[in-house]
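The report below follows a few strands, a helix and several aromatic contacts through one protein chain. Please keep the sequence and the 3D view open while reading.

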Amino acid sequence: MRVSGTSQWTHAELLMEYRTDEPGDPFAQEPRPLRRRYDLEGLEGEDNVEPEDVLERILSDATWVFNSQQRTHLFTVLFFATKARFICWDRAGYVVSEPFDYVSDPSKLILLLWRFARMSRQQRGHDTTASRIFPGCADHELMMERAKPPTVNVEDAPTQVHEHARAAFADSLANAVCWRLKVDDAKKGPQYFLVGEPRFQSPGLTGRGTRNYVAIDAADPYGPFVYLKDIWRIVGISLQQEGDVLETLNGPEDGGPVPFVPTVRCHGHVRHQEAQHQKLFQDTRTTHQLGSLGSKSAPPLKTRRHYRLIVNEVSLPLSSFQRGSELVGLFMCVIKAHGEAFTRKGFIHQDISAENVLIFPTLRRSPRSGEMQVVRTGLLANWELARHVDEVDEVDQRIPQPIRVGTWQFMSANALNHLPKMFIVQDHMESIFHLLLYQAIRYLPSNCYDVRDFVSEYFDAYKQQDGVYYGGRLKIFAMRRGLLTNPRSEPLLFYRSKPGPPTEISKTSKTSSVLEDVSPTTHTAISASMRMEHETDSTIPRTSQSPMEEKHAPHPINDLLDDILCSLKAHYALYHSEDRPTRTATVNVELPGLEQDTNTNNIMFLMQDFVEHIDKAGGLRPTRAVRSSSTGSLSPAERAEMEADAALLASHNAMIDLFVGYYQEMQSWPQNDRVPDALRK
């Protein structure tokens, strides 16, 4: 029924799996949790294959088909000994029939195959709003032409600003199956876009099934490339369509468009495409949602609707930042975007993560020369989990949150360890801290000689109690103690350049055991889009430090991380006490003039968006005077200091002030501090 190593998933219509033994039925008993392994070719010919292995194999095959085609659902026939089951998969889960004996009574199998042969493509599970583009047709010729490198000078700013999008589109066409996708926009009507392979595709079969493409707008074939997001949204909960959220953020109301967020082009649900297996629950004996396997009381499957969104911005992954100083500027943009979306438009993002913070090259006119130049800004994308807040308040604003949303690695320790958790501004500022640390530990020199272990313990770790997952110990330890440590239990430090080789590390010196299993989240922390590497800008001069001095000198990012960590420590101590601090609203002041004394165009241009923060930069830096994580033994003066330290996290403006203060000191930051990805060693 399958040929190992040569499966043609792009042409599969009906999957069949044959087992000669009765124990090959994975639904005859309560299976153990899946190990989420999708490459199961090695099981061919094995004896004593467990039922869970069979389930993982057929799940693996179904996942390959969904990843290789445009699918709404898929059918599988599982044979074991003299019996068989019929399975239907979609993005909500799967439904499986009762076993039937096809040897003693073959009529059921014959009827099943007869009906399948007479089904339309839509009934078999093909997405009819996606049309295959074959070589030689007009659309394919257009795509090949647009993928060619420019013939004009690539150093020219208007060409350079779009070059990353063209290169990404060209990469998506290499040995790819191309598609013409339809978007049903309620205002503009049907819109069509040409795509190759996804730039990003979420792992697994169930869930949102996110696919991101660099696309050509068929209505503007020689216009700028655009970004297409294809997803299966959960319906029935109080989340707006992402396109509707972006239209509000882009709109002129309430002070005008929010900066540093994507610009919506069109969007809409794909008509008549739902993953709704829970409606079949009454008609079937067995129904499962992947991830709840083994539970005798599995919850009903979630209804998901197919949805497509087009935005104008084709961005770069955050991991393509060129130096630590640029990283600080990118986070300034992200905090400003979230702050204005929250205070002016009433939206809170709820998923600040490595996949959702991007770099967008844009054109700015130089105030000195008048020439157009490329400026790299931060972009806060993927607002699909955003919620609207009726009453906007910068002081300890709480948003009801009955379930966890977001990306596990970057969620606040409070959100990971308290369910349900009411989202507050501080949770999002903490996610900013975790994401900044994540990029620094991977791409900046440090005394962490086992980065993989640190990432596993700090970002991925979890514990389980009574069927509920909670965050790992290292993250909550850092928040409560205000201290980051490496696997040697030493304070974590970043350097201006890579230090010498490490001494041998004892395996017994780890702060806690490493979890080999995956994190309890459908998000993957390391995406394929993070493979892009960029050279540093050779036009920016190095600092005057000698190589020996710079090799062992601490990196300025240590102070920024310490400032935020000090505020987090104070916040955690106060948050878990009976009374919490209050903070008055920030008073607007007259904007000062912008001093243009800088070595880089990017710094000069970016600071134009933050002129109102220049005179306040660094003014609310924590005192770092708090010695205890408990509020019970503090004097009134010490408690007041703690409240002042915690106030940094309560306001987007205060956080921007802090980042701007460090960004203004870019002259003292190293210009060649980026190192190869420490997770890929």
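The model is predicted. Within it, R364 stands opposite Q373 in strand 18, and this contact is a convenient way into the sheet described first.

**The sheet of strands 15, 17 and 18**

Three strands, in the order 15-17-18, make up an open sheet with antiparallel pairing. Strand 15 and strand 18 are its edge strands, each of them pairing on one side only. Strand 17 (residues 357-365) pairs with strand 15 (residues 316-317) in the antiparallel sense over two bridges, and in that pairing L316 has I359 of strand 17 as its bridge partner. With strand 18 (residues 372-380), strand 17 pairs in the antiparallel sense over nine bridges; besides R364 and Q373, V357 is matched with L380 of strand 18. Strand 17 and strand 18 form a hairpin with six residues between them, and in the turn G370 has a positive phi of about 80 degrees.

**Strand 10 and its partners**

Strand 10 (residues 211-217) is mostly covered, seven of its seven residues being buried. The cover extends to both faces: R211, Y213, A215 and D217 on one side are buried, as are N212, V214 and I216 on the other. The table lists the strands that pair with strand 10, together with an example of a bridge for each pairing.

| Partner of strand 10 | Bridges and sense | Example of bridge partners |
|---|---|---|
| Strand 8 (residues 189-195) | three bridges, antiparallel | F193 and D217 |
| Strand 9 (residues 200-201) | two bridges, antiparallel | F200 and N212 |
| Strand 11 (residues 226-234) | five bridges, antiparallel | A215 and V226 |

The residues of strand 10 named in the table, D217, N212 and A215, are thus among those that are buried.

**Helix 9**

What span should the 19 residues of helix 9 (residues 425-443) have at 1.5 Å a residue? The expected value is 27 Å, and since the end C-alpha atoms are 28 Å apart, the model agrees with it. Is helix 9 buried or exposed? Because 19 of its 19 residues are buried, helix 9 is largely enclosed by the rest of the structure.

**Aromatic pairs and charges over rings**

The structure holds 16 aromatic pairs. In one of them, the rings of Y18 and F79 have their centres 6.3 Å apart and their planes at 50 degrees, and the pair is therefore tilted, since an angle that is neither under 30 nor over 60 degrees counts as such. This pair links distant parts of the chain, with Y18 in strand 1 (residues 14-19) and F79 in strand 2 (residues 73-80), 61 residues apart. The partners are covered to unlike degrees: Y18 is partly exposed, with a relative accessible area of 40%, whereas F79 is buried, with a relative accessible area of 6%.

Another aromatic pair, that of F321 and Y443, is edge-to-face, with 5.7 Å from centre to centre and 90 degrees between the planes. It too links distant parts of the chain, for F321 lies in the loop between strand 15 and helix 7 (324-343) and Y443 lies in helix 9, 122 residues apart. Both F321 and Y443 are buried. The ring of F321 has a further contact, in that the charged end of R674 sits over it at 5.1 Å from its centre. Elsewhere, R124 lies over the face of F116, 4.8 Å from the ring centre.

Ring pairs also link F410, Y438, F454, Y458 and F459 into a cluster.

**Cavities**

A search of the whole structure finds three cavities of 30 Å³ or more. The largest cavity holds about 80 Å³ of space. It is lined by 13 residues, of which Q350, F410, M411, F423 and S431 are the closest to its centre. F410 therefore appears twice in this account, as a residue of the ring cluster and as one of those closest to the centre of the largest cavity.

Technical notes
Residues numbered from 1 in each chain as written. Predicted model: local features only at pLDDT ≥ 70, side-chain atom pairs only at ≥ 80, totals over all residues. Heavy atoms only, no water. Helix = DSSP H or I, 4+ residues; strand = E, 2+ residues; numbered from the N terminus. Expected span 1.5 Å × (residues − 1). Buried < 20%, exposed > 50% of the residue type's maximum accessible area, 1.4 Å probe, protein only. Pairing = 2+ DSSP bridges. Phe/Tyr/Trp six-rings, centres within 6.5 Å; stacked < 30°, edge-to-face > 60°. Lys NZ or Arg CZ within 6 Å of the ring centre and 35° of its normal. 1 Å grid on protein atoms, 1.4 Å probe; cavity = no way out; pocket = protein on both sides within 12 Å on 5 of 7 lines; lining within 4 Å. Points joined across faces, edges and corners; volume = space filled by probe spheres on them.
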